[in-house]
Amino acid sequence: MALAVGIRGLTRSLLRPWVRVPGPARGRTEPAAGGGDGVRCFGSPRVLVEPDPAAGFAVMKMRNPPVNSLSLEFLTELLISLEKLESDKAFHAIILTSDCPGIFSAGLDLMEMCGRDPTHYAEYWKAVQELWLRFYLSHLVVISAINGVNAAGGCLLALSCDYRVLADNPKYAMGLNETLLGIIAPFWFKDTLVNTVGHRTAERALQLGLLFPPAEALQVGMVDKVVPEDQVLSAARSELAQWLAIPGHARQLTKSLMRKPTADRLLKERDADIQNFVRFISRDAIQKALRVYLEKLKQKKT
Amino acid sequence: MALAVGIRGLTRSLLRPWVRVPGPARGRTEPAAGGGDGVRCFGSPRVLVEPDPAAGFAVMKMRNPPVNSLSLEFLTELLISLEKLESDKAFHAIILTSDCPGIFSAGLDLMEMCGRDPTHYAEYWKAVQELWLRFYLSHLVVISAINGVNAAGGCLLALSCDYRVLADNPKYAMGLNETLLGIIAPFWFKDTLVNTVGHRTAERALQLGLLFPPAEALQVGMVDKVVPEDQVLSAARSELAQWLAIPGHARQLTKSLMRKPTADRLLKERDADIQNFVRFISRDAIQKALRVYLEKLKQKKT
Amino acid sequence: MALAVGIRGLTRSLLRPWVRVPGPARGRTEPAAGGGDGVRCFGSPRVLVEPDPAAGFAVMKMRNPPVNSLSLEFLTELLISLEKLESDKAFHAIILTSDCPGIFSAGLDLMEMCGRDPTHYAEYWKAVQELWLRFYLSHLVVISAINGVNAAGGCLLALSCDYRVLADNPKYAMGLNETLLGIIAPFWFKDTLVNTVGHRTAERALQLGLLFPPAEALQVGMVDKVVPEDQVLSAARSELAQWLAIPGHARQLTKSLMRKPTADRLLKERDADIQNFVRFISRDAIQKALRVYLEKLKQKKT
């Protein structure tokens, strides 16, 4: 129920939540499925969905240039695309990747956390929670084909998938680097990381805000496979075959068995977690630090 | 107390729970201890016990051909053999192995779960719980010498031991492959696997029903040692020496410190877990899937 | 509050809790910081503190010869030195190392546990708890430069640090070897080890009382880095730079996020844990075993 309310609240801010767009208009470098010709692509402005219902999956491409920052609108579109695929029985899996060259996602959108009012912070944080809950518990198989830098909230999104393929480019570092900005990963980011790489690696990585290049990400278990950059999507598709061969009902219940206790921790104190975030992000020192950081980013661009 | 009741319930179905049989009648390939001559072997029809009281341990050989399926009777004999050794102060350890060529155990007996009534399902599941609780918490050192394929419930039995030696034969894969049959490992199977290989490996292995060949089983930590096939028993014996050198009381309390919280999770909801199992296994779809699977197995044999 | 009371109780037994001593009087083999000349060293009789306020850290050298046994007085001095540095804003980090050649610490002082009265055992155990709680949760970065054998309580102290550098000398084994003496690591020793090396490695290591030589300690994750013996301190200093570059407030909160749940487990049952220890250590069999062990140690020395 919390879920339905969350989605409803979010969609209000969207003008065109789910529009059908022609495939060829999107600059794809690798076809989503087989030959690729005649594939009908659809999605929302920031989420391009390339469905392959015959094969049982869709490729979901994030395109919120320049760095796929997880703005409230972008989060909402991701959630709606996920929901759409989940409710269509033709789909059993998603491959999540980026349409922005060199970047998977830079994480949460600092613009949503700086210079706004508490009501906005609360709405934004609820959407971030929702994104994690929905991807982490999705009954679909979700495989991320990580084709670029992947930091903070973007890394969380990948950690919420069932399997992670990373492009072998030393620039494509990945991690929860919140402390570098003077902020703190919430407990459910931490839980998700601990579930993936273990307590000790998580402890060091979170304190130091480590971004792991591909070889190290593979070694600590943050990703499952590292492949040449032009094979990320095809490797994700190959891996997917193994997952789709498993009886779906048994696989879904097993996924829930593994993940529900972690998700329940947030569900039990969801409101308190929102209030914590609003209180923390509203502090003068934090707002000032974010302004300084955003100012630096702007100067870099110009 | 639950334990005593469980055992009492089980033994009713056994005609000869613990009979002394002459050693030479059993086709042993490796002697249980030292020279082997004059060793008095005893056990029940399906569990051959080769005791070496002077060395403080016994080899327990599973012989429920063709694949050591964990039928109710076989479970009961395993429990009684364990209890017998636990209550004899001469024994500090067990080496658990198989007397069936090429197979350690194929896991739970599907015949006990198909076409029977709810009372039978409940009795069977209670015995499966009991097997895990007793082996997982045994004050004896239990080392498994895994000399064959080891799937599902058989894998659980090995995971409940203190140390695992696996024969280096690429056919001898090992894992909790329940999802492949469309069924789900219960939470305490999952907990035992997580305690052994960590959360992430368990999550992937359980969803995909992975069976790990020896090299991979060693790499993910599902077993502790891989040795040539003819050295499995001798390697288990060598390892045992290290365990028997530790003051027994301190070792037992330490084992309990590590394992009791996991066992307590089942003990707290044992009845609910039985009811869950009975409800799940009684479903038409599950019964049909099991019948189809058993039919295929029969056709393979003929 | 429990903390404040603990410290107050402990200091009563100390005559000179914090005395300034001239640096050159101590036989240092490696300078604590940069050139080393003119560094003012201070500390208590058993804890030599070499501060480098300009660099933001101090080296804390344990010198309770011959083996840095954690006697009540030594524990107290360690706690007071830690508190002194924590309350001085110039310090953000500590490097913990030994001033006793070839040994980091032999662990708890058996003399405090043998032939004394229950009141003494309770006081001692409370100080041991306090040592762990204070080091494990310290807001300072604590890096251990392990330059010798490191057993039992000494190993716990190192496991409570944020990072561990171990000298590459095959004699410098490290582990929680309590079972070898017939005693049992308490649950919070266990929790700390599990958080560092995972459940399975901890289970085997604790039951067998394993002491890991450097290569194995690195492999199982008990230490983070192994370096040549003469580079332990300099490697710790290099590592420190990375930790000091992180915004302090965010790093401290993240450390607390990772460790507070583990510490809370002890805080919730601190008194029960003391009573458990007093009851266990007062048993005739345990006292006898300790006397025999201490007698052997004496004979070795003469």
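Buried area is the accessible area, taken with a 1.4 Å probe, that two parts lose on being put together, summed over both. In this predicted model, chain B and chain C bury about 1,800 Å² between them, with 63% of it on carbon and sulfur atoms, and chain B and chain A likewise bury about 1,800 Å², 63% of it on carbon and sulfur atoms. Because the model is predicted, local features need pLDDT of at least 70 and side-chain atom pairs count only at pLDDT 80 or more, whereas totals for chains, interfaces and linings use all residues. Residues are numbered from 1 along each chain as its sequence is written, chains are lettered from A and ligands numbered from 1 in the order in which they are written, and side-chain values use heavy atoms, with hydrogens and water left out.

**Relation of the chains**

- Chain B is superposed on chain A by a rotation of 120° with 0.0 Å of shift along its axis, at an RMSD of 0.0 Å, the fit being by least squares on the C-alpha atoms of residues with pLDDT of at least 70 in both copies.
- That is the relation of a three-fold axis.
- Gly198(B) is the residue of chain B that comes closest to the rotation axis, its C-alpha lying at 4.3 Å.

**Chain B against chain C**

- Counting as contact any heavy atoms within 4.5 Å, 21 residues of chain B are in contact with 20 residues of chain C.
- On the chain B side, Thr254(B), Leu257(B) and Met258(B) lose the most area to chain C, together 33% of what that side buries.
- Two salt bridges are found across this interface, the rule asking for a side-chain nitrogen of Lys or Arg within 4 Å of a carboxyl oxygen of Asp or Glu; Glu203(C) forms a salt bridge with Arg259(B), with the closest N and O atoms 2.8 Å apart.
- Eight residue pairs, both residues at pLDDT 80 or more, are in polar contact across the interface, that is, they have a pair of N or O atoms within 3.5 Å, where within protein one must be able to donate a hydrogen and the other to accept it, and residues adjacent in sequence count only if both atoms are side-chain atoms.
- The elements of chain B that give two or more residues to this side are strand E11 (163-167), helix H5 (187-197), helix H8 (232-244) and helix H9 (248-268), where helices (H or I, at least four residues) and strands (E, at least two) are DSSP runs numbered from the N terminus.
- H9(B) supplies the largest share of this side, nine residues.

**Chain B against chain A**

- Here 20 residues of chain B are in contact with 21 residues of chain A.
- Arg200(B), Gln207(B) and Leu208(B) lose the most area to chain A, together 38% of what the chain B side buries.
- The rule finds two salt bridges across this interface, and Arg259(A) forms a salt bridge with Glu203(B), the closest N and O atoms being 2.8 Å apart.
- Eight residue pairs, both at pLDDT 80 or more, are in polar contact between chain B and chain A.
- H5 and helix H6 (199-208) of chain B are the elements that give two or more residues to the side touching chain A, and H6(B) gives the most, with eight residues.

**Strand pairing in chain C**

- Strand E7 (residues 102-105) and strand E10 (residues 148-151) of chain C pair in the parallel sense over three bridges, pairing being assigned if DSSP finds at least two bridges between two strands.
- Gly102(C) stands opposite Gly148(C) in E10(C).
- E10(C) also runs parallel to strand E12 (residues 174-175) of chain C, joined by two bridges, and Ala151(C) has Gly175(C) in E12(C) as its bridge partner.
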